[in-house]
Amino acid sequence: MFENGRDRAGRALEGLRRTALDLVYPPHCIACGSATEASNGLCGRCWRQISFIERPFCERLGTPFHQDFGRGLQSPEAIAHPPVFRRARAVALFDNGTARQLVHRLKYGDRLEVARLMGRWIARAATELLEDAPVIVPMPLHRRRLWTRQFNQAALLGDEMARVTGLSCDPFLLDRVKATASQVRMSRRQRALNVQGAFKVPPSADLAGRCVLLVDDVLTTGATANAAARALLRGGAKAVDLAVFARVAGTGEIAI
């Protein structure tokens, strides 16, 4: 009874706090800024512009298929370029819509509150990856990049995922020891060479036999994720899965 009463009181206080904040700062869409009914959400227009990824999709890469021929199938991309990580899941496609806006608002606009919505959605998209109760490891930034940006967007996403799932998030299990060049206009091979040797598991990290859920904001060719996963596996991790908010679309063809 005492616990239930305390929980109800806590919810009531939180409700009052939110009401007060809404009076001072009217709720608005975190993507476009237009008025909404609730805080930290999306307006109807921005919601409709998100290309959510749902089944059917490639079991390895999480890229969507155009037709459903059953579970367990892999895309030609996954077969031609098998990832180092075991499985990848994403919330949405990284297109010119709301998903891109949210990523840019978080990473370049210092809108850190966006991480709460994105982190919750990533946790939902990665539900099947949580069955092994993995430790959440955010994709690290090199110290120079971290100094410039002052925050790591992947760490913010990982913290929110840990909050809603009850899992632990440990940003100190993987270091980025090499400052890499921007990969925006690089080919797949160039990206792989660019991030080669970029990550290292610290000697003090205890990864032996542990499953890891690597978290990042966007997945493109997977070169960075592969390099990070390779370092985690060499550091003793049992398996590495990947969860991101958005991914660049891959082939929609199916390989049986």
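**Group meeting: helix 7, its neighbours and the largest pocket**

Okay, let's start with one residue, Glu160, which sits in helix 7. Before I go on, keep in mind that this is a predicted model. So, Glu160: buried or exposed? Buried, with a relative accessibility of 6%, and the cut-off for buried is under 20%. Leaving out residues up to four places away in sequence, what does Glu160 touch? Ala115, Arg116, Gly119 and Arg120.

Now the helix around it. Helix 7 covers residues 153-165, so that's 13 residues, and at 1.5 Å a residue you'd expect a span of 18 Å. The end C-alpha atoms are 18 Å apart, which agrees. At the N-terminal end there's a cap from Asn152, whose side-chain oxygen lies 3.0 Å from the backbone nitrogen of Ala154. Just past the other end of the helix you hit Gly166, with a positive phi of about 85°.

Glu160 has company on the buried list for helix 7: Gln153, Ala154, Ala155, Leu157, Gly158, Met161 and Ala162 are there too. And what covers them? The cover includes helix 4 (98-107), helix 5 (114-125), strand 2 (135-138), helix 6 (143-149) and strand 5 (211-219).

Let's hop over to helix 5. This one has twelve residues and runs 17 Å from first C-alpha to last, close to the 16 Å expected. Its buried residues are Val114, Ala115, Leu117, Met118, Gly119, Trp121, Ile122 and Ala123. Helix 7 is part of the cover here, along with helix 2 (44-48), strand 1 (88-93), helix 4, strand 5 and strand 6.

If you follow the chain out of helix 5, you get into the loop that leads to strand 2, and that's where Leu129 is. Leu129 counts as buried, at 1% relative accessibility. Which residues does Leu129 touch, once you set aside those up to four places away in sequence? Arg87, Arg89, Pro134, Leu213, Asp241 and Leu242. Also, have a look at Val240: its C-alpha is 9.6 Å from that of Leu129, with their positions 111 residues apart along the chain.

That brings me to the chain overall. We have nine helices and six strands. Of the 256 residues, 45% are buried. And if you take contacts between residues at least 6 apart in sequence, 72% of those join residues at least 24 apart.

Right, on to the largest pocket. How much space lies in there? About 910 Å³. There are 36 residues lining the pocket, and the closest to its centre are Lys107, Tyr108, Arg145, Gln183 and Thr224. Which element gives the most to the lining? Strand 5, with four residues. Helix 4, helix 6, helix 8 (188-194), strand 5, helix 9 (223-234) and strand 6 (239-247) each put in at least two. By type, the lining splits into 16 nonpolar, eleven polar and nine charged residues.

One last stop, in helix 9, where you'll find Asn226. Asn226 is buried too, with a relative accessible area of 17%. Outside its neighbours within four places in sequence, Asn226 is in contact with Pro83, Val84 and Phe85.

That's my tour, so over to you.

Conventions
Residues numbered from 1 in each chain as written. Predicted model: local features only at pLDDT ≥ 70, side-chain atom pairs only at ≥ 80, totals over all residues. Heavy atoms only, no water. Expected span 1.5 Å × (residues − 1). Buried < 20%, exposed > 50% of the residue type's maximum accessible area, 1.4 Å probe, protein only. Contact = heavy atoms within 4.5 Å. Polar contact = N/O pair within 3.5 Å; in protein donor to acceptor, adjacent residues only side chain to side chain. 1 Å grid on protein atoms, 1.4 Å probe; cavity = no way out; pocket = protein on both sides within 12 Å on 5 of 7 lines; lining within 4 Å. Points joined across faces, edges and corners; volume = space filled by probe spheres on them. Nonpolar A, V, L, I, M, F, W, Y, C, P; charged D, E, K, R; others polar.
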